[in-house]
Amino acid sequence: MLTPTQRGTAGEQLFAACVTLSSAGDLELFKPLTDDDHTDVTAGRRGRVPALAIQVKTALSLDRQGFAVARMSFPEGKARRHPAFVYAIVFVTDANVEAAWIVPSADFNRLSYRGAGRRGKGIELQFMASPTRQDRWSAFRCGRMEMGPKLVSIIDGLPAGQPPRVPGAHLLLRRQ
């Protein structure tokens with residue numbers, strides 16, 4: 001059985017592959033050196049600085065009701081919210097992304113179930129969605145070859161200004 005770290009890493013790698021392929025290479029992904037701020041990967045258009053910070057969560061099975069489930073814990077008690085912060089939940093079966101949800105943080109925070117964090121500290125947000133049925137998350141659901149275009153659409157809709165600051169992410173920019 002996979003450990004939670006192995007499950008997360010596998011989901012992140014499948015996410016990266018799907019985004020790269022489905023964007024025809026238009027998006028570049030960068031992995032922060034640390035994951036203290038709920039950022040597993042950053043994304044931006046090729047040749048530009050990253051524009052999105054993305055938290056990737058992986059579900060390898062469905063619960064009894066047929067929902068993919070993912071949980072996010074915020075021990076400090078405040079969920080992260082920023083126009084350039086996105087949650088990506090991937091439902092993986094047989095090493096394949098069967099369904100994905102690309103959800104801006106404001107929508108995720110509004111739609112997710114809330115509860116007390118571990119040991120009563122902070123809050124926990126819970127995502128529960130069907131990969132096939134209509135539910136509150138259906139508008140954010142996409143197939144593996146739609147993931148890149150969805151992220152491009154979010155990037156294109158961001159207000160002009162500074163890209164998000166991602167602690168732990170160090171980028172090397174080259175001259176052209």
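These legends cover five close-up views of a predicted model. Residues are numbered from 1 along each chain as its sequence is written, and side-chain values use heavy atoms, with hydrogens and water left out. Because this is a predicted model, local features need pLDDT of at least 70 and side-chain atom pairs count only at pLDDT 80 or more, while totals for chains, interfaces and linings use all residues.

**View 1. Six strands form an open, mixed sheet.**
The strand order is 1-2-3-5-6-9. Strand 1 (27–30) and strand 9 (141–142) are the edge strands, and each pairs on one side only. Helices (H or I, at least four residues) and strands (E, at least two) are DSSP runs, numbered from the N terminus. Two strands pair if DSSP finds at least two bridges between them. Strand 2 (residues 41–45) and strand 3 (residues 52–59) are antiparallel and share three bridges. Here alanine 43 has leucine 52 of strand 3 as its bridge partner.

**View 2. Two helices meet the six-stranded sheet.**
Helix 1 (residues 4–22) packs on the sheet. Helix 1 touches strand 1, strand 2, strand 3, strand 5 (85–93) and strand 6 (96–104). Contact means heavy atoms within 4.5 Å. The direction of helix 1 makes about 125° with that of strand 3. Axes are lines fitted to C-alpha atoms, for helices over the stretch in contact, and angles run from 0 to 180 degrees between N-to-C directions. Helix 3 (residues 147–156) lies across strand 1, strand 2, strand 3, strand 5, strand 6 and strand 9. Helix 3 runs at about 10° to strand 6.

**View 3. Strand 5 pairs with strand 3 and with strand 6.**
Strand 3 and strand 5 run parallel, joined by seven bridges. One residue pair to find is isoleucine 54 with its bridge partner in strand 5, valine 86. Strand 5 and strand 6 are antiparallel, with eight bridges. Isoleucine 89 stands opposite tryptophan 101 in strand 6. The hairpin of strand 5 and strand 6 has two residues between the strands, and aspartate 94 takes a positive phi near 50° there. Eight of the nine residues of strand 5 are buried, so strand 5 is largely enclosed by the rest of the structure. Buried means under 20% relative accessible area, exposed over 50%, partly exposed in between (1.4 Å probe, protein chains only). Proline 50, in the loop between strand 2 and strand 3, is also buried, with a relative accessible area of 9%.

**View 4. The largest pocket holds about 640 Å³ of space.**
A pocket is an open set of points on a 1 Å grid over the protein atoms alone, where a 1.4 Å probe fits, with protein on both sides within 12 Å along at least five of seven lines; lining residues have an atom within 4 Å of a point. Its volume is the space filled by probe spheres set on the points. Of the 23 lining residues, Pro4, Arg7, Gln55, Lys57 and Arg71 are the closest to the centre. Helix 1, strand 3 and strand 4 (68–74) each give two or more residues to the lining. Helix 1 gives the most, with six.

**View 5. Three strands form a second view of pairing, an open antiparallel sheet.**
The order is 4-8-7. Strand 4 and strand 7 (113–116) stand at the edges with a single partner strand each, so one side of each is left without a neighbour in the sheet. The twist averages 25° from one strand to the next. Strand 7 and strand 8 (residues 123–129) run antiparallel, joined by four bridges. Tyrosine 113 stands opposite glutamine 126 in strand 8.
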